[in-house]
Amino acid sequence: MAKHIITQNGRLTLACAGTLSEENGMTAAKQAPGHGLTPREFRDVLGAFPTGVTVMTTQHEDRLAGVTVSSFNTLSLDPPLVLWSLSLAAPSLPVFRAAGRFVVNILAEGQEAVALQFARGSDDKFRGIALADLECGLPAIAGAAAHVVCDIHGRAPGGDHEIFIGRVAQANHQPQPPIVFHRGRFGSFQAAS
Ligand SMILES: Cc1cc2nc3c(=O)[nH]c(=O)nc-3n(C[C@H](O)[C@H](O)[C@H](O)COP(=O)(O)O)c2cc1C
């Protein structure tokens, strides 16, 4: 059964669609189609999930593309697959589609400025960026905590994004700790013990 958010004294509570009512003074939040959340509430819920920060890089003919991405995740170990999603409105989308491959650059602590640079639309995103020399020949970011070189295994529709599934061809990692992204802010990882 579909879930809806209802608000009570400023707190968000989950309820099943069938029970949504004005009982007990609870008021349904302004509802968006489908999930019952306003766009702001939906973003706030998703922001509760911390992620790392990657920059996806690629090249097709003379066109370079690089995009800051937090939607990266593992998909399968055997075969080795990863996934991420790119906005249908992103100018770099046709470059990733045409290139047929990409590098996942998992950013290390201290690379927050790199994350911001690749999150802004620009004709010259790679200005001032030190590049790593990878065998595949694709542009990659020096100093990243890891590089994962992928061939595009599949693309799938994902609402207002397109899902890229990559089959891992090569990978390396360094000991640097990663950037962590949570509720719209960059931070660092701290182990519990
Ligand atoms: C931390 C962070 C994570 C992001 N994650 C994504 C993502 O997963 N998918 C996406 O399409 N855009 C994401 N963005 C926004 C893109 O980086 C931004 O729209 C970028 O300008 C797109 O590149 P383009 O304009 O060259 O196409 C993220 C931005 C930030 C700051």
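This report walks through a predicted protein model and the ligand it holds.

Because the model is predicted, local features are given only at pLDDT of at least 70 and side-chain atom pairs only at pLDDT 80 or more, while totals for chains, interfaces and linings use all residues. Residues are numbered from 1 along each chain as its sequence is written.

**The chain as a whole**

The protein chain has 3 helices and 13 strands. These elements are DSSP runs numbered from the N terminus: helices are H or I with at least four residues, and strands are E with at least two. Of the chain's 193 residues, 24% count as buried. Here a residue is buried if 20 or more other C-beta atoms lie within 10 Å of its own, exposed if 12 or fewer, and partly exposed in between, with C-beta atoms placed from the backbone. Two residues are in contact if their C-beta atoms, placed from the backbone, lie within 7 Å. Among contacts with a separation of 6 or more, 58% join residues 24 or more positions apart.

**Three strands side by side**

A good place to start looking is strand E10 (residues 146-158), which pairs in the antiparallel sense with strand E9 (residues 101-106) over 6 bridges. Strands pair if DSSP finds at least two bridges between them. E10 also pairs with strand E11 (residues 161-173), again antiparallel, over 12 bridges. Follow Asp151 in E10: Arg101 stands opposite Asp151, and in E11 the bridge partner of Asp151 is Arg167. E10 and E11 form a hairpin with 2 residues between them, and Gly159 in the turn has a positive phi of about 65 degrees.

**The core**

The largest nonpolar core has 31 residues, and Val55, Met56, Val67, Val104 and Leu107 have the most contacts inside it. Such a core is a set of buried Ala, Val, Leu, Ile, Met, Phe, Trp, Tyr and Cys residues joined through C-beta atoms within 7 Å. Elements giving two or more residues to this core include strand E5 (54-60), helix H2 (93-99) and strand E12 (179-182). E9 gives the most, with 4 residues. Leaving aside neighbours within four places in sequence, Val67 is in contact with Val55, Met56, Leu86, Ala90, Ser92 and Phe118.

**Around the ligand**

Of the 18 residues around the ligand, Ser71, Ser87, Ala90, Ser92 and Ala119 come nearest. A residue is counted as near if its C-beta atom, placed from the backbone, lies within 6 Å. Strand E6 (63-69) and strand E8 (81-87) are the elements that give two or more residues to this shell.

**Loops worth a look**

Most residues other than glycine have a negative phi, and most peptide bonds are trans. The table shows three places that depart from this.

| Site | Loop | Backbone angle |
|---|---|---|
| Asp78 and Pro79 (cis peptide bond) | Pro79 between strand E7 (73-76) and E8 | omega about 5 degrees |
| Glu61 | between E5 and E6 | phi about 50 degrees |
| Arg183 | between E12 and strand E13 (185-188) | phi about 50 degrees |

Glu61 counts as exposed because it has 8 C-beta neighbours inside 10 Å. Arg183 is exposed too, with 12 other C-beta atoms within 10 Å.

One more loop, between E11 and E12, holds Pro177. With 14 C-beta neighbours inside 10 Å, Pro177 counts as partly exposed. Pro177 and Ala108 are 69 residues apart along the chain, yet their C-alpha atoms are separated by 5.6 Å. Not counting residues up to four places away in sequence, Pro177 touches Ala108, Glu109, Ser188 and Phe189.
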